[in-house]
Amino acid sequence: MPADTDLIKLYSTRILALAADIPHTKRLTDAHATVKKRSPLCGSAVTVDVCVEDGRITDFAQDVKACALGQAAAAVTGHAVIGRSLPEIEDARDGLRAMLKSGGDVPAAPFDGFEVLAPAKDFKNRHASILLAIEATAEAMEQALQANCA
């Protein structure tokens with residue numbers, strides 16, 4: 001188990017800056033799909049709204065109630081999702097999961113901002129919160145596509 005000083009180092013200036021700069025926080029009134037994900041371990045929650053046209057996200061919103069790590073991950077997600085396809089979102093989600101859980105590489109651009117969260121791999125109890133925003137985005141986009149909103 002990592003020491004408390006390691007946890008303090010984890011909350012770097014970059015993570016705290018991202019957590020304070022979450023984009024797209026105003027909910028969409030005309031969303032094609034909305035998904036809420038919650039981490040039962042820590043209680044963090046993220047609600048994502050998406051609009052999809054021609055197989056790509058055209059509008060995005062998120063309501064984030066999470067720790068600084070979950071907020072930072074939501075900021076990276078929010079900065080990168082507009083214009084992305086479902087395969088790109090799924091690759092980012094799978095890449096982030098692999099980076100945290102099995103020492104995988106940082107997801108490719110435009111999701112390479114997740115690199116700031118690489119030190120969290122040693123804090124398994126934080127993984128669910130970090131994954132919430134990208135998982136909710138992938139699920140919402142899949143729902144929008146299934147509803148033929150694309």
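Biologist: In which loop does Ser12 lie?

Modeller: This is a predicted model, and in it helix H1 covers 4–10 while helix H2 covers 13–19. Ser12 belongs to neither of these ranges, and its place is the loop between helix H1 and helix H2.

Biologist: Is Ser12 buried, partly exposed or exposed?

Modeller: The relative accessible area of Ser12 is 25%. Buried would require under 20% and exposed over 50%, with partly exposed in between, so Ser12 is classed as partly exposed.

Biologist: How far apart are the C-alpha atoms of Ser12 and Ala68?

Modeller: Along the chain, Ser12 and Ala68 are 56 residues apart. In space, the separation of their C-alpha atoms comes to 10.0 Å.

Biologist: In what order do the helices and strands follow one another along the sequence?

Modeller: The secondary structure of the protein consists of five helices and three strands. Read along the sequence, these elements give the pattern α-α-β-β-β-α-α-α.

Biologist: In which sense do strand S1 and strand S2 pair?

Modeller: Strand S1 takes in residues 33–38 and strand S2 residues 45–53, and six bridges connect the two. One of the residues concerned is Lys36, whose bridge partner in S2 is Thr47. The sense of the pairing between S1 and S2 is antiparallel.

Biologist: Which residue in the hairpin of S1 and S2 takes a positive phi?

Modeller: Six residues stand between the two strands of this hairpin. The positive phi, near 85 degrees, belongs to Gly43.

Biologist: Why does Ser129 count as buried?

Modeller: Ser129 lies in helix H5, which spans residues 124–146. Leaving aside residues up to four places away in sequence, Ser129 touches Ser39, Cys42, Ser44, Ala66, Cys67 and Gly70. The limit for a buried residue is under 20% relative accessible area, and Ser129 counts as buried because its relative accessibility is 2%.

Biologist: What share of the contacts between residues at least 6 apart in sequence joins residues at least 24 apart?

Modeller: Ser129 in helix H5 offers an example of a contact across the sequence, since Ala66 is among the residues that it touches. For the protein as a whole, the share of such contacts that joins residues at least 24 apart is 63%.

Biologist: What radius of gyration does the protein have?

Modeller: The C-alpha atoms fill a box of roughly 50 × 25 × 25 Å along the principal axes, and buried residues make up 45% of the 150 residues. For a compact globule with 150 residues, a radius of gyration near 15 Å would be expected, and the protein agrees with this, having 15 Å.

Methods
Residues are numbered from 1 along each chain as its sequence is written. This is a predicted model: local features need pLDDT of at least 70, side-chain atom pairs count only at pLDDT 80 or more; totals for chains, interfaces and linings use all residues. Side-chain values use heavy atoms; hydrogens and water are left out. Helices (H or I, at least four residues) and strands (E, at least two) are DSSP runs, numbered from the N terminus. Buried means under 20% relative accessible area, exposed over 50%, partly exposed in between (1.4 Å probe, protein chains only). Contact means heavy atoms within 4.5 Å. The radius of gyration is taken over C-alpha atoms; the globule rule is 2.2 Å times the number of residues to the power 0.38. Two strands pair if DSSP finds at least two bridges between them.
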